[in-house]
Amino acid sequence: MVLGAGYAGLGAAKRAARAAGDAEVTLVNASDRFVERVRLHQVATGQKPADLPLAGLLEGTGVGLVVARVTGLDPAARRVRLDDGRALDYDTLVYALGSTADLDVVPGAREHAFAIAQPEDAERLSARLPGLGSLTVIGGGLTGIETASELADARPGLRIDLVTAGVLGASVGDRARDHLRRWFAERGVTVHENAPVAKVAADGLLLEDGRHLPSDAVVWAAGFRVPALAAEAGLGVDERGRVRVDGSLRAETHPEVVAVGDVATLSVRGREARMSCQIGLPMGLHGGVTAAALARGREPARAKLRYVSQCISLGRRDGVVQFSRADDTPITRAVVTGRAAARIKETIVRSTVFAVRHPGVGALL
């Protein structure tokens, strides 16, 4: 049984079905649609990505689909509880429920900020955009950068501030970061670096240094949280509630459970993984192989995962591709920008859908 049909979960279910022989594979997801999470900043500006029904993506695979929300896990009984009152039993579980925006880090964020982590979040922001004169995006990582740039590209008359507790694009090198700063400056987006937020209010936000930044709307794109289900069920988790896994992606405390994607801890070449579909999808594919091995009574192999690059869209016509070492550290001079970077990013985004359609070929990183 696979819980969650994001990049990691859908990849795991389809790969397990290919590798597990006559084992029955069931995929449980709260929605009947696959969400291209890496396009939600486009949804926020009113763009309409392709509709991807899970039934179509699963056609011919033998994977059974259950549309319901998971409300509880019972690892001792190997049982999953659903919001429709059902309880489903499993032999091997793939836990891939993903993450949502962490709106409880700063007072007022949950009450006053728009999130960008789910389709309904992005659609709510899109509906609000026409009446806005100003907007502030909180978060200087890839999600915040892509959200702010997409909004600036789509709404050139909108006054936009981008606020980050650290430096803009901390995970990329200086050359890539310089391009990001120039792009925002040329479009009138004010970037506030090293500016931690103390409070979000209806009329803007308060910074820790005492400054008040007025804004008609605030978008929260800083940090994520995972469901509490694993911790509540007694699985070994870290301080953020992510399942601690071994080299094959099995839960350290419950070897019949495989955890993949944002809900799992992961070290790639000695460094904590930066969660993204770039690593989540390969995790899912390997997790499917691990689950299939367990179902057939075999010892699963260790996961061999690596990074290649970080790809950032800046609207639809510009971008940054920061090539990296296997452990995700940037190769400072290995950077592509402009339209070429935008084309590379779009190709990679499309490749993720191809990979979940055809999990036997793996994923383009």
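Me: Where does Asn29 sit in the fold?

Reply: Happy to start there. This is a predicted model, and in it Asn29 belongs to strand S2, which covers residues 26-29.

Me: Is Asn29 buried or exposed?

Reply: The idea is to compare the relative accessible area with a cut-off: under 20% counts as buried. Asn29 has a value of 13%, so Asn29 is buried.

Me: Which residues is Asn29 in contact with, leaving aside its neighbours within four places in sequence?

Reply: Gly4, Ala5, Leu54, Val66, Val67 and Ala68. Closer along the chain, there is also a polar contact to look at: the Asn29 side chain reaches the backbone oxygen of Ser31 at 2.9 Å.

Me: What is the order of the strands in the sheet?

Reply: Read across the open sheet, the five strands run S3-S2-S1-S7-S18, and the pairing is parallel. Strand S3 (64-67) and strand S18 (257-259) are at the edges; each has a single partner strand, so one side of each has no neighbour in the sheet.

Me: How many bridges join S2 and S3?

Reply: Four, in the parallel sense. Within this part of the sheet, Val28 stands opposite Val66 in S3, and Val66 is also one of the contacts of Asn29.

Me: And which strands do helices H1 and H9 lie across?

Reply: A helix can be placed by the strands it crosses and by its angle to one of them. Helix H1 (residues 7-19) lies across strand S1 (2-3), S2 and strand S7 (93-95), at about 165° to S2. Helix H9 (residues 277-295) lies across S7 and S18, and runs at about 170° to S18.

Terms used: Residues are numbered from 1 along each chain as its sequence is written. This is a predicted model: local features need pLDDT of at least 70, side-chain atom pairs count only at pLDDT 80 or more; totals for chains, interfaces and linings use all residues. Side-chain values use heavy atoms; hydrogens and water are left out. Helices (H or I, at least four residues) and strands (E, at least two) are DSSP runs, numbered from the N terminus. Buried means under 20% relative accessible area, exposed over 50%, partly exposed in between (1.4 Å probe, protein chains only). A polar contact is a pair of N or O atoms within 3.5 Å; within protein, one must be able to donate a hydrogen and the other to accept it, and residues adjacent in sequence count only if both atoms are side-chain atoms. Contact means heavy atoms within 4.5 Å. Two strands pair if DSSP finds at least two bridges between them. Axes are lines fitted to C-alpha atoms, for helices over the stretch in contact, and angles run from 0 to 180 degrees between N-to-C directions.
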